[in-house]
Structure formats: C-alpha cells, structure tokens
Amino acid sequence: MNYGYKKETTLSFEEAVTETKDTLATEGFGILTEIDVKATLKKKLGIEYDKYLILGACNPPFAYEALKAEKDIGLLLPCNVVVYEDGDKVFVSAILPTVTMNMIENPTLAEIAKTAEAKLKNVVDTVATI
C-alpha cells in the first residue's frame, strides 16, 4: 500500500529540515510535534541511526473541519512529514491523507483529505526542487 509521497532533494539534511518547515508554514501548516528519531534511539536504546526527523504538521482549519465531521478523527491527526538521510541521500516524505482517511467512509473527510494532500505534495515537491 502506498501511503506516502516521497522525493529526494539535493539539499543537506539540515537545509531540507529548514525548507520543509518554512514551506509547511507557507501552506498553512504548523508543527505540533518534532521527533528526532536519531537522538531518541541513541538515548533510549544506545543505537546509532541515520538523521531522521518526524514533523507532526497540522493545518488548523482542516483539523477543525475534520473534527466537526468525525469526532474521533484525532486518532489520525496530525499529518506527518518526514525528513531523513539514507546513505548520502536526503528525502522528504509526507503522509497521503486520502489513504488514511479512506478507511473512514465520510465524504466530508475525503474532501478535506484531498485538499490537505495537495498542499503536502506541494511541500515535498518544493523542497525537492530547491
């Protein structure tokens, strides 16, 4: 199952993180959570891992409309965006809201998901082409 939209970028990891955050803001998303997977795995398990950052992004108007349509939708929020290194390559990846919302048969959520997904794809495309 394809549940994410991913592209490689020529930016460094740090540059990609900055550009991803800036572009998310331009698209109306705020960052609710930021998880440094590399640091967490090192601290909790003593494991070395590649640079990997999970950004929990939220677009408040979309979230509000989704909550009005389906009270328990918070289980599937926020929209995660990931920036990570794989060898010498850097990738930006975003969840596909249409896939996650597809399991809930609610036409209102389907429309919100389409709009959110277009914005998230734009974030990935923008960072990949900088």
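**Figure 1. Lining of the second largest pocket in the predicted model.** By class, the residues that line the second largest pocket divide into six nonpolar, four polar and one charged. The pocket has a volume of about 190 Å³. Its lining consists of Asn2, Tyr3, Gly4, Lys6, Tyr52, Asn80, Val82, Tyr84, Ser93, Ala94 and Ile95. Strand 1 (4–9), strand 4 and strand 5 (89–95) are the elements that each give two or more residues to this lining.

**Figure 2. The largest pocket and the residues closest to its centre.** The largest pocket holds about 280 Å³ of space. It is lined by 21 residues, of which Leu76, Leu77, Pro78, Cys79 and Met101 lie closest to the centre. Two or more lining residues are given by each of strand 3 (52–58), helix 3, strand 4 (79–86), helix 4 (97–102) and helix 5. Helix 5 supplies the largest share, four residues. In class, the lining comprises 18 nonpolar and three polar residues, with no charged residue.

**Figure 3. Packing of helix 3 against helix 5.** Helix 3 (residues 60–69) and helix 5 (residues 107–129) have axes that come within 9 Å and cross at roughly 160°. Because angles over 145 degrees count as roughly antiparallel, helix 3 is roughly antiparallel to helix 5. The crossing of these two helices is left-handed. On the side of helix 3, the contact is made by Phe62, Glu65, Ala66 and Ala69. Helix 5 contributes Thr108, Leu109, Ile112, Thr115, Ala116 and Lys119 to this contact. The contact residues of the pair divide into six nonpolar, two polar and two charged.

**Figure 4. Packing of helix 1 against helix 5.** The axes of helix 1 (residues 13–26) and helix 5 are 9 Å apart, and the two helices pack at an angle of about 145°. The crossing of helix 1 and helix 5 is right-handed. From helix 1, the residues Ala16, Glu19, Thr20, Thr23 and Leu24 meet Leu120, Val123, Thr126 and Val127 of helix 5. By class, the residues of this contact are five nonpolar, three polar and one charged.

**Figure 5. Helix 5 in its several settings.** Helix 5 is shown with helix 3, whose contact with it includes Ile112 and Ala116 of helix 5. Helix 1 is also shown, with Leu120 and Val123 among the helix 5 residues that it meets. Helix 5 further gives four residues to the lining of the largest pocket.

Methods
Residues are numbered from 1 along each chain as its sequence is written. This is a predicted model: local features need pLDDT of at least 70, side-chain atom pairs count only at pLDDT 80 or more; totals for chains, interfaces and linings use all residues. Side-chain values use heavy atoms; hydrogens and water are left out. Axes are lines fitted to C-alpha atoms, for helices over the stretch in contact, and angles run from 0 to 180 degrees between N-to-C directions. Angles under 35 degrees count as roughly parallel, over 145 as roughly antiparallel, 65 to 115 as roughly perpendicular and the rest as oblique. A crossing is left-handed if the near helix is turned anticlockwise from the far one by less than a right angle, and right-handed if clockwise. Contact means heavy atoms within 4.5 Å. Ala, Val, Leu, Ile, Met, Phe, Trp, Tyr, Cys and Pro count as nonpolar, Asp, Glu, Lys and Arg as charged, and the others, Gly among them, as polar. On a 1 Å grid over the protein atoms alone, a cavity is a set of points where a 1.4 Å probe fits but cannot get out, and a pocket is an open set with protein on both sides within 12 Å along at least five of seven lines; lining residues have an atom within 4 Å of a point. Grid points are joined across faces, edges and corners, and a volume is the space filled by probe spheres set on the points.
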